[in-house]
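Me: I have a protein model open and I would like to learn how to read it. Could you take me through it step by step?

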Amino acid sequence: MVPNVTVPMNFGKDLLLSPTHNNLVLNTSQERVVKANSVILSFNSPVISHLTGTLHLTSVDMIEFDREAVQLFVEAAYSGTVEGLTR
C-alpha cells in the first residue's frame, strides 16, 4: 500500500546527514556522489520511484550534472522548496 503523501512536503534537510537513511547513491560528474533517501526522492520523482521501486537500483547515474546541482535537487526534494537556484 502506497502512503498518501501530498508533495511538496518538508521532510527536513537534517535527514540528509543521517547515515542510516541515505540508501541511494547519486553519481555525479567528476566521480563525486550525493547520498539520499530513495523513499523521499520517490515521493517527488516518478522516475526515481521507478528506478528504485521497480528496478531496485541503489545507485543512479546523474553524471551529466555536477555535485552542486544534484545536491540542490535533493535538498528541494527534502524541503519542498528550491533555494539557491540561479540561472
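Me: Let me start with the strands. Which residue of S2 is the bridge partner of Val25?

Reply: The partner of Val25 is Lys35 in S2. Keep in mind as we go that this is a predicted model. To read a strand pair, look for its bridges and its direction. Here S1, residues 24-27, and S2, residues 33-36, are joined by four bridges and run in the antiparallel sense.

Me: How many residues lie between S1 and S2 in the hairpin?

Reply: There are five residues between the two strands of this hairpin, and in its turn Gln30 has a positive phi of about 60 degrees.

Me: In which sense do S1 and S3 pair?

Reply: S1 pairs with S3, residues 59-61, in the parallel sense, over three bridges. One bridge to find on your screen is that of Leu26, whose partner in S3 is Val60. A general idea helps when you look at side chains: in a regular strand they alternate between the two faces of the sheet.

Me: Now the whole chain. What pattern does the protein follow along the sequence?

Reply: Read along the sequence, the order is β-β-α-α-β-α. The radius of gyration is 13 Å, close to the 12 Å that the globule rule gives for 87 residues, so the protein is as compact as a globular protein of that length. Its C-alpha trace spans about 40 × 30 × 25 Å along the principal axes.

Me: What share of the contacts joins residues 24 or more positions apart?

Reply: Of the contacts with a separation of 6 or more, 64% are between residues 24 or more positions apart.

Me: And how do I read the surface? What percentage of the accessible surface belongs to carbon and sulfur atoms?

Reply: Carbon and sulfur atoms hold 57% of an accessible surface of about 5,900 Å². As for the inside, 34% of the 87 residues count as buried. You can also look at charge: there are 5 positive and 8 negative side chains, and the centres of the two sets lie 3 Å apart.

Me: Let me try single residues. Is Thr52 buried or exposed?

Reply: Find Thr52 in helix H2. The cut-off for buried is under 20% relative accessible area, and Thr52 has 13%, so Thr52 counts as buried. To see what is around a residue, set aside its neighbours within four places in sequence; Thr52 is then in contact with Leu24, Ser38, Ser42 and Leu57.

Me: What about backbone angles? Which sign does phi of Glu31 have?

Reply: Phi of Glu31 is positive, about 55 degrees, although Glu31 is not a glycine. You will find Glu31 in the loop between S1 and S2. The cut-off for exposed is over 50%, and Glu31 has a relative accessible area of 82%, so Glu31 is exposed.

Me: Where does His56 lie?

Reply: His56 is in the loop between helix H2, residues 46-54, and S3. His56 is not a glycine either, and its phi is positive, near 60 degrees. With 60% relative accessibility, His56 counts as exposed.

Me: One last stop. Where is the place of Gly84?

Reply: Gly84 comes in the segment after helix H3, residues 67-79. Its relative accessible area is 66%, so Gly84 is exposed. Try checking a distance here: Gly84 and Leu72 are twelve residues apart along the chain, and their C-alpha atoms are separated by 7.7 Å.

Terms used. Residues are numbered from 1 along each chain as its sequence is written. This is a predicted model: local features need pLDDT of at least 70, side-chain atom pairs count only at pLDDT 80 or more; totals for chains, interfaces and linings use all residues. Side-chain values use heavy atoms; hydrogens and water are left out. The radius of gyration is taken over C-alpha atoms; the globule rule is 2.2 Å times the number of residues to the power 0.38. Buried means under 20% relative accessible area, exposed over 50%, partly exposed in between (1.4 Å probe, protein chains only). Contact means heavy atoms within 4.5 Å. Accessible areas come from the Shrake-Rupley method with a 1.4 Å probe; for residues, only the protein chains shown count as cover. Lys and Arg count as positive and Asp and Glu as negative; His and the chain ends are not counted. The place of a charge is taken as NZ of Lys, CZ of Arg, CG of Asp or CD of Glu. Two strands pair if DSSP finds at least two bridges between them.
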